[in-house]
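I opened this notebook to record what I looked up in one structure. The entries follow the order in which I worked.

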Amino acid sequence: MPLNLRQIEVFRAIMISGSISGAARLLSVSQPAISRLLAYTEDGLKLKLFERISGRVQPTPEAKRLFAEVEHIHRGVARINDLADELRAGGTGTIRVVASPSAGHSMVPEALARLRSRFPDLRVEFESLTLLEIVNRVGTARADLGITVLPVDEPTVAVETIAEGALHVIMPVDHALTRLRSIRPKDIAPYPLVGFGPQTPYGHIVAQALAGGSPEPTTTVRYPPDACAMVRAGAGLAVVDEFVLRGRAWPDLAARPLAPKIPMRAYLLTPRFEPLSRNATALADILRGRDRKAPVKR
């Protein structure tokens, strides 16, 4: 017997609440009604979904596997409702954006500000996440767009380059190395270095760029904005992508290109198998540089 949406809703409520009574409260129905529908569902599926232990229900392995698919359906329904709200509002609604910390520091906020200047009632959900989290959110359509400065090869997302940049060495504005037009790894050697964990994708890129020419980091951080903050505090020099430096976010820091040049790119990620909403399409055009008509309101 195939499940209907009501059975799916009840099953999910039990899984989330951990009890029949909790599911009844979530759905505003009686406990006997939940119990009857659960029994009917288990009978129709010919599967035991829950074990009754000490007055509570414990999901079986089969229930846990089903729940992963049910959550996917639930997210799809929520997305449909969000899209319906957006269509009713004529361009307002919600947009969900995830980004790597570098892009999330200035590039994405500036683009979102431009978008909201067009749609003042738009609700924005924005998070800075790791690369794996960004790909997962976009690939499962739990985010409308993702922006990252690290390359992505994942079949569930479409990837396009939206900006070109390079690695830069950052330092206090009064540092001796500011006299140089570009900085080689050997120039960094006499100074403390703020670096990144070599096990991370970003740390691997920076380590490769500095291979054999600079000391081991004396301070290790995870994200480029953290490196900028440490340099500003006097912890040493750091190598970061230029996207984190855009928008005059760090006016008390100087930056010089790392030589030889190490190209960096910003990538736009979209769900490969889901259409973009009107809001997501508008934001994607802003990030691509195709929308120059909407200045940010101040």
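The entries below concern a predicted model.

**Entry 1. Helix 2 and the residue after it**

I began with helix 2, residues 20–27, and asked which of its residues are buried. They are I20, G22, A23, A24 and L27. I then looked up what these buried residues pack against, and found helix 1 (5–17), helix 3 (31–45) and strand 2 (56–59).

I went on to the residue that follows helix 2, which is S28. S28 lies in the loop between helix 2 and helix 3. Its phi is positive, about 60°, although S28 is not a glycine. I noted the general background that most residues other than glycine have a negative phi. Is S28 buried or exposed? The relative accessible area of S28 is 66%, so I entered it as exposed, the cut-off being over 50%.

**Entry 2. A second positive phi**

I recorded A141 as another residue other than glycine with a positive phi, near 60°. A141 is placed in the loop between helix 7 and strand 5 (145–148). I checked its accessibility as well: A141 has 8% relative accessibility and therefore counts as buried. The two loop residues thus fall into opposite classes, S28 being exposed and A141 buried.

**Entry 3. The cis peptide bond**

I looked at the peptide bond between A259 and P260 and found it to be cis, with omega about -5°. P260 sits in the loop that runs between strand 10 (253–257) and strand 11 (263–271). For context I noted that most peptide bonds are trans.

**Entry 4. The cavity**

I asked how many cavities of 30 Å³ or more a search of the whole structure would find. The search returned 1. The volume of the largest cavity is about 30 Å³. I listed its lining as L3, Q7, I8, F11, T41, L45, L49 and L66. Helix 1 and helix 3 are the elements that give two or more residues to this lining. Helix 1 gives the most, with 3 residues. By residue class, I entered the lining as 6 nonpolar, 2 polar and no charged.

**Entry 5. Aromatic pairs**

F11, one of the lining residues of the cavity, led me to the aromatic pairs. A search of the whole structure finds 2 of them. In one, the ring centres of F11 and F50 are 5.9 Å apart and the planes stand at 50°, so I recorded the pair as tilted. This pair links distant parts of the chain, since F11 belongs to helix 1 and F50 to strand 1 (residues 50–53), 39 residues apart. Both partners are buried: F11 has a relative accessible area of 6%, and F50 has one of 1%.

The other pair is formed by F196 and Y202. I recorded it as edge-to-face, with 4.9 Å from centre to centre and 65° between the planes. F196 is buried at a relative accessible area of 6%, and Y202 counts as buried at 5%.

**Entry 6. Nonpolar cores**

Y202 came up again when I turned to the nonpolar cores. Which residues have the most contacts inside the largest nonpolar core? They are M107, I147, Y202, L283 and L287, in a core of 56 residues. I followed M107 further, leaving aside its neighbours within four places in sequence. M107 is in contact with I147, I162, A163, F243, R246, A266 and L287. I also entered a second, separate core of 17 residues, which includes A13, V57, A63 and V70. As general background, nonpolar side chains tend to be buried together in soluble globular proteins.

**Entry 7. T130**

I closed with T130, which is in the loop between strand 4 (123–128) and helix 7 (131–139). Why does T130 count as buried? Its relative accessibility is 18%, and buried means under 20%, so T130 falls on the buried side of the cut-off. I then looked for its contacts, again leaving aside neighbours within four places in sequence, and found R222 and Y223. T130 and Y223 are 93 residues apart in sequence, while their C-alpha atoms are 9.2 Å apart in space.

Methods
Residues numbered from 1 in each chain as written. Predicted model: local features only at pLDDT ≥ 70, side-chain atom pairs only at ≥ 80, totals over all residues. Heavy atoms only, no water. Buried < 20%, exposed > 50% of the residue type's maximum accessible area, 1.4 Å probe, protein only. Helix = DSSP H or I, 4+ residues; strand = E, 2+ residues; numbered from the N terminus. Contact = heavy atoms within 4.5 Å. 1 Å grid on protein atoms, 1.4 Å probe; cavity = no way out; pocket = protein on both sides within 12 Å on 5 of 7 lines; lining within 4 Å. Points joined across faces, edges and corners; volume = space filled by probe spheres on them. Nonpolar A, V, L, I, M, F, W, Y, C, P; charged D, E, K, R; others polar. Core = buried A, V, L, I, M, F, W, Y, C linked by side-chain atoms within 4.5 Å. Phe/Tyr/Trp six-rings, centres within 6.5 Å; stacked < 30°, edge-to-face > 60°.
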